[in-house]
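Me: I want the reasoning behind the labels, not just the labels. Can you take me through it?

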Amino acid sequence: MGRLQLDAPARRFLPELPEAWDAITVRQFLCHVSGIPSDSLLRRADWEGSMAAAARLSAAEPGLDSRYNNFNYVVAGKLVEAASGQGYADFVQSRIFAPLGMSRSRVGRGWDANQATGYQFASRRSLTTVPLWRDAGPQYDPAGRIMSSLNDVLAFVGAIRDGRLLSPAGLAEVTRPYGPACRGTCGWFAKVAGGLPCTEKIGRVGGYSTDVEFNPRGDAIVMMWSLQSWHDRSVEPRAALRQTLLGVGPGYPEGHHTSVMAEHEG
């Protein structure tokens, strides 16, 4: 505990980060306000290659602009490794999956015999299968490569609700938006639905989609598809369904375009 400080510069813990990133704090990486270059410019086969690419690119001033970028969480994974002395997958297994009994969850590449096939739209009316994990190397595991089941994700959300993963003060800290113009928090995104503050994360990767949302009242909803599909016409109805299931009223949630569509710029 206490090995990372959210408002300390990330280079204090990861000195291999470019000098141009010296002022970026751990919190700014987690909240997607780091100002680092686009993920597509940093995507390489390994961490060292990404760092070499980053050293040749300029970065914007941190804290001014909210821009979703998967590479923020590549850095976050390396911060976990530096603080814990464990590989990211081992840390998640020992600190989250095993204690919560999440036996159908794992981090990283590979195929499970009981795994659903992933799909994406080949056209407006047809689907095609998607090869698993088509993007860069294992440093990208923290940016979305967790395979899980519905029951396991519900166990995770239940542990958050019951205070078994974070204290109430800790949960409040990591679900607090970075600022009025940025709804990114340290791991999730904040919004208001039906007058209630809600915390959410929506993931789309390699033929799969997961929506997780919960609020202080104790309501939670987890929705999973073997379909990578944030550009199709089902997005708005799915957003409306989430709100109905949470009991915060029918129809599209406040700010649903920001919430459901524009989150995926990275």
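Reply: What follows sets values against cut-offs in this predicted model.

Me: Why is R27 called buried?

Reply: Its relative accessibility is 6%. Buried means under 20%. So R27 counts as buried.

Me: What makes R27 and D7 a salt bridge?

Reply: The N to O distance between their side chains is 2.8 Å. The cut-off is within 4 Å, so the pair qualifies. R27 sits in helix α1 and D7 in the segment before α1, 20 residues apart. Both also belong to a network of salt bridges with E173 and R176.

Me: Why does D7 count as exposed?

Reply: D7 has 53% relative accessibility. Exposed means over 50%, so the label fits D7.

Me: Why is F121 called partly exposed?

Reply: F121 is at 34% relative accessibility. Partly exposed lies between under 20% and over 50%, so F121 falls in that class. F121 is found in strand β2, and helps make a nonpolar surface patch of about 260 Å² with Y119 and L127.

Me: How do you know that β7 and β8 pair?

Reply: Pairing needs at least two bridges. Six join β7 to β8, so they pair. The two run antiparallel. In β8, M224 is the bridge partner of T210.

Me: What makes β5 and β8 edge strands?

Reply: The open sheet has the order β5-β6-β7-β8. β5 and β8 each have a single partner strand, so one side of each is left without a neighbour in the sheet. From one strand to the next, the twist averages 20°.

Methods
Residues are numbered from 1 along each chain as its sequence is written. This is a predicted model: local features need pLDDT of at least 70, side-chain atom pairs count only at pLDDT 80 or more; totals for chains, interfaces and linings use all residues. Side-chain values use heavy atoms; hydrogens and water are left out. Patches are made of residues with over 30% relative accessible area and no salt bridge: like charges are joined within 9 Å, nonpolar side chains (Val, Leu, Ile, Met, Phe, Trp, Tyr) within 5 Å. Accessible areas come from the Shrake-Rupley method with a 1.4 Å probe; for residues, only the protein chains shown count as cover. Helices (H or I, at least four residues) and strands (E, at least two) are DSSP runs, numbered from the N terminus. Buried means under 20% relative accessible area, exposed over 50%, partly exposed in between (1.4 Å probe, protein chains only). Axes are lines fitted to C-alpha atoms, for helices over the stretch in contact, and angles run from 0 to 180 degrees between N-to-C directions.
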